[in-house]
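Here is a set of questions and answers about a protein complex. Each answer sets a value against the rule that gives it its name.

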Amino acid sequence: MSTLTEAPPPLAPATPEKKPARRRGRFTPYWLLLPGMLWLIVFFALPMIYQASTSVQQGSLEEGYKVTWHFATYWDALAAYWPQFLRSVSYAAAATVLCLLLGYPLAYLIAFRAGRWKNLIMILVIAPFFTSFLIRTLAWKTILADNGVVVHTLNSLHLLDLTNWLGWTAGDRVLATPLAVVCGLTYNFLPFMILPLYTSLERIDGRLHEAAGDLYARPWTTFRKVTFPLSMPGVVSGTLLTFIPAAGDYVNAELLGSTDTRMIGNVIQTQFLRILDYPTAAALSFILMAAILAMVTLYIRRSGTEDLV
Amino acid sequence: MPFVNWLKRRLVVIAGLLTLAYLLLPNVVVTVFSFNKPKGRFNYEWQRFSTDAWKDPCGVADMCGSLSLSLQIALWATVGATVLGTMISFALVRYRFRARGAVNSLIFLPMAMPEVVMAASLLTLFLNMGAQLGFWTILIAHIMFCLSFVVTAVKARVMSMDPRLEEAARDLYAGPVQTFLRVTLPIAAPGIAAGALLSFALSFDDFIITNFNAGSTVTFPMFVWGSAQRGTPVQINVIGTAMFLVAVLLVLSSMVITHRRNKQKA
Amino acid sequence: MKTTPDNSGDVRLSGISKTYGSFTAVHPLDLTVPEGSFFALLGASGCGKTTTLRMIAGLEEPTTGTVRLGDQDVTHLPPYKRPVNTVFQSYALFPHLDIFENVAFGLRRRGIKSVKKQVEEMLELVQLGEQARKKPHQLSGGQQQRVAVARALINHPKVLLLDEPLGALDLKLRRQMQLELKRIQTEVGITFVHVTHDQEEAMTMADTVAVMNGGRVEQLGSPADLYENPQSTFVANFLGTSNLIEAEVDTKNGDDLVLKAGGGKLVLPEARCSAPTTAGGKVLVGIRPEKISLTHADDAGEIPAGRNRLTGKIADASFIGVSTQYVIDSPVCDELAVYVQNVERDGRLVPGADVVLHWNPAHTFGLDAAQDIDAGTEEEVAA
C-alpha cells in the first residue's frame, strides 16, 4: 500500500474563475457547424435558388438571360415532356417494387438464416459497389443481348410474346426496351433496398418469432403480423432510397434503352449539356424536384404511424 | 410430399440466393469478359480467351489518367467531407443550439434529392459565377453530396456513445482537448471511418453530378460512359474486376486478422 | 496506514442547489462529510442524490452555494482540476483502452511518465494483475467494477465518489463487493461518498447515511440511528418496514406519552417522538415488525405488564426460513407486519387465529401525523 500514501502531484492552483468553460463553449457548436453548413448553403441551397430563377428567365446564350417571370416555360416543358415524366415515375415505381420483392428475401436470409455465412453474403452484397456501376450496367448489354441466353430462354418459353403484348418489350429483343431499363434500374438500386431492410430486420428480437409461434401463428402469419410490421422502417427508407435516385436516373435509360424509353433525367441532361436551353432544363429539374419531394412527403406521412401495420 | 415441404422451409433461402445471384451476375460477366478478345470496338460478345488486356491494363489512351484523376478527387473529397461532416455531427449530438431543425433538413435534403437535380442546379451556379469547370468544381460537388452521408454515419456512432465516458475522462484529469483526443475521437473512429469509406466509394463512382460539372475534364466513370458510345476497351473490365477483387480481399483479410486477434486474446 | 487527518478531505457543501429550468433537482443543502468517513447518499431515483454527487465531482455546476474540499473552494473548478475521482454508474471504462491503460489514464493525464509500478500495484490491490492487457468488454461485471475502483483510487483522490457502483451486479456479487469496498476504504482511509438506492447497501457499508427525498435531505445519521429512530414517514418506510398506527395524545406520564389508538392505549417515550405532543394532537405511532411479539389470544394472560398491546387476527403467514412473516388484521390498522424468529414456533399461529401483539414501549417511535403515511413505501416509490 505504499503507493497510496505517496503524496499525489500537486494539482493546478484553485483560482475560482467564474464559469470559464461555459462562456468559452457557448459558440462552439456554431464554429463546428459553420464550414460544413456554409458549404451546403453555397453549393446546395444557393444553386436551387439560382435554378429557380433561371427557370423563369428568357433570352439566349449569345445575348444573355434576364428574369422575366416567364412561367410559361413550365407549361411548355410539361406539355412537351409529360411522357418522359410519366415514364420516370412508372419505371422508378416498377423498379422499387421489384427491389422490395427481390431484396426482402435476401435481407431476411442475411438477418435470420445465414448463420456463419452472414458476413460473406454481406460482403458479396456490398462488394459490387467497388466496380464502377457504369461497367456493371454495360455488362447487362451482354446478358440481355439479342442472341444471348436470357432472350433465348424467354423466347422458347413464349414469355416474350407476353411481354410484347404488355408493351414491355418489342420484337424479339429485350435490350432497348422498357424491360431492360427497369431491369437495370432494379439491379443498380437493389443494394440500397437490401441494406436498410437488413438493418431493421436485424434489430428484431428472435424471441418474437418464437413467441408468435407459441401463440399459434403459422410461419406466414408470423411474417405478416410480426416480422413485416417491425421491418417497416427499413421498408420505408429502402423504398425511398430506391425510388428517388431511380426517378432521376438517366444512365440506365441511355445505356440499356432506346429513344422510346427516355426518362426525364435524359431530357434534363440533353437540354442542359447539348441543347443548352437552360430555362427549360431548369424548369424540368425544378418540376422533378417538387414532384419527388411531394411524393416523398405524402409517402412518409402515410406510412408514418397508424398505417404501418 | 417431403420435397414440397423441404422446398417450403427453404423458400426464403432459395429466393435470397437467387437475388444474390442477380446482384453478382454482372460482376461475373465483367470478369469473364476481361479475358475476351473482341472483334470490333465493343466488348459485348464473347470471341476467344485472351490475357492481353490484363498484361497491358493501361494500354488504352487516357484511361489510366482518368483513373488516377478519379482516385485523387475521391481522396480529397473524402478528406473534406469527413472533416466537415464530423464537425457537424459533434455539434448536432453534443450541443443545444438554435436552428437545429434547419440544420437537420439542410443535411437531409441532399440525400433526398435526385442527383440530376443537384447536378443541374450546381451547374447553373457555376455558369452564373463564371467558374472554370474542372478539377475544383468536381471536388466542390463531391464534398457537397458526400457531406450528408458522413454526418449520418458519424452521428449514429457519437449518439450511441456513453456521455459518461467523457465525464470519466474529465474526472481523471483530462482537459477538454485531451478528452477529445484520448477518448471521444478514438471511440467515434469507427463511425468516422465508415463515413470516410462511404464518401470515397460515392465520390469515386459518381457519374451524374460529375458529368454536369466536369467541363472537359474526364474522370474514370466519364471515361467509361464515353467509351460506351465510342467503343468499350477490354481494359475497362480489367479495372472493374481488379477493384472488385481488391475490395473483397481487403475485407476478407481484415476479417481474418480481427478473428485471429480475438482468438489469441480469448 | 491512514493519512494524517488535516481535514483536507472534508467535503463541505453549503447552500448548494441545482435547478434545471423550472425543475429543482436539489434544494439548498448543507452537508459536511468528515474526512475518512464512508458516507452514503440514499434515496429513490430522481431524489437528487446523483446530482449532488455530480456537483461534488464538478460534472454539474451548482445553481447556488459552494462546494469546499477542506478549506479549498472548488465550486467553479472543472472536474479535471479537482482532487476528486468518481466510480461511475456502469463504470464508464474506456472501451478502446485495455485495463492497464484505463487504470493509468489519470496518472498519464497529470504528466506522470513511469506509471508501470503504480498501475501494477493497484491492479494487485483489486486482484486483477492477470487481466492487465484485456479490454474492458472481456471482463465480467465484478471485474469491471474493480477496474473502475482502481482507475479512480490510483490518483490518490481526497474524496472518492461512487455513483451506484454495484447497481449492475447480481445479488451475490453485490454482497461480496460491498465487503470488498468497505475493506478498501478502511485500508486507504480516503473519504468515500457513495450514492445508492439500495438501503441495505447503504446500511452495510456507510458510517453515516443521508436519506434524500424530493431534492432534500430527510434525515442524516448512523445506520442504526436512522433505523431505530426515524423522524419522518419516508425514512421509516424507505429504510426497512415500519408499522404506522394513527393515534391521539392522551396524557403525559413522566417521560412517556400515553396515546389512544382504537380502544386501547399505547406508551411512547417522549424523546422518541418527532411530532408536537400537545394533548389531543394526532401522532403516528411506529414500530418495526421484528420488535413485536405474537401471543395466541388464549395465552394473553401470560404477557408481562408494561408492554404495549394490540389485538388482531392473523390474515396471512409466510415462512421464509429464519423467520415467519405475519400479516395481522387489527382494529387500529389493516395490515400490521410482524416478523417472528423461528425459534420455538407456536403451531396455533395460523391464518384466522386471534392473537395479541405486544412490544417493549422503548422501541416505539412517534411521527408527525401531517405526513403522507405511505411515503417511501415500495408502491409509492414505483409510482
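The turns below go through the membrane annotation, the chain contacts and the domains of this predicted model.

Q: Which residues of chain B does UniProt list for "transmembrane region"?
A: The unreviewed UniProt entry lists residues 12-35, 73-93, 105-127, 133-154, 180-202 and 234-257 of chain B. Such an annotation may be inferred rather than shown by experiment.

Q: What is the helix content of residues 73-93 of chain B in the model?
A: Residues 73-93 of chain B are 100% helix and 0% strand. The end C-alpha atoms of this span are 29 Å apart. For residues 133-154 of chain B, the values are 91% helix and 0% strand, with the end C-alpha atoms 31 Å apart.

Q: What makes a residue of chain B count as in contact with chain A?
A: Two residues are in contact if their C-beta atoms, placed from the backbone, lie within 7 Å. By that rule, 65 residues of chain B are in contact with 70 residues of chain A.

Q: Which elements give two or more residues to the side of chain B that touches chain A?
A: They are α2 (11-33), α4 (63-94), α5 (100-108), α6 (115-129), α7 (135-159), α9 (176-205), α11 (220-230) and α12 (234-265) of chain B. The most comes from α2(B), with 15 residues.

Q: How many residues of the side of chain B that touches chain A are nonpolar, polar and charged?
A: This side has 52 nonpolar residues, ten polar and three charged.

Q: What is the contact between chain C and chain B made of?
A: Here 20 residues of chain C are in contact with 16 residues of chain B. On the chain C side, β6 (84-87) and α2 (99-109) each give two or more residues. The largest share, three residues, comes from α2(C). The side of chain C that touches chain B divides into ten nonpolar, six polar and four charged residues.

Q: What makes a residue of chain A count as buried?
A: The rule asks for 20 or more other C-beta atoms within 10 Å of its own. Of the 309 residues of chain A, 41% count as buried.

Q: Which helices and strands, by number, does chain A have, and what share of its contacts is 24 or more positions apart?
A: Chain A has 15 helices and two strands. Among its contacts with a separation of 6 or more, 69% join residues 24 or more positions apart.

Q: Which domains does the assignment give for chain C?
A: The assignment gives domain 1 (11-228) and domain 2 (242-382) of chain C. The centres of these domains, taken over C-alpha atoms, are separated by 39 Å.

How values were computed
Residues are numbered from 1 along each chain as its sequence is written. Chains are lettered from A and ligands numbered from 1 in the order in which they are written. This is a predicted model: local features need pLDDT of at least 70, side-chain atom pairs count only at pLDDT 80 or more; totals for chains, interfaces and linings use all residues. Helices (H or I, at least four residues) and strands (E, at least two) are DSSP runs, numbered from the N terminus. Ala, Val, Leu, Ile, Met, Phe, Trp, Tyr, Cys and Pro count as nonpolar, Asp, Glu, Lys and Arg as charged, and the others, Gly among them, as polar. A residue is buried if 20 or more other C-beta atoms lie within 10 Å of its own, exposed if 12 or fewer, and partly exposed in between; C-beta atoms are placed from the backbone. Domain bounds come from an automatic or database domain assignment.
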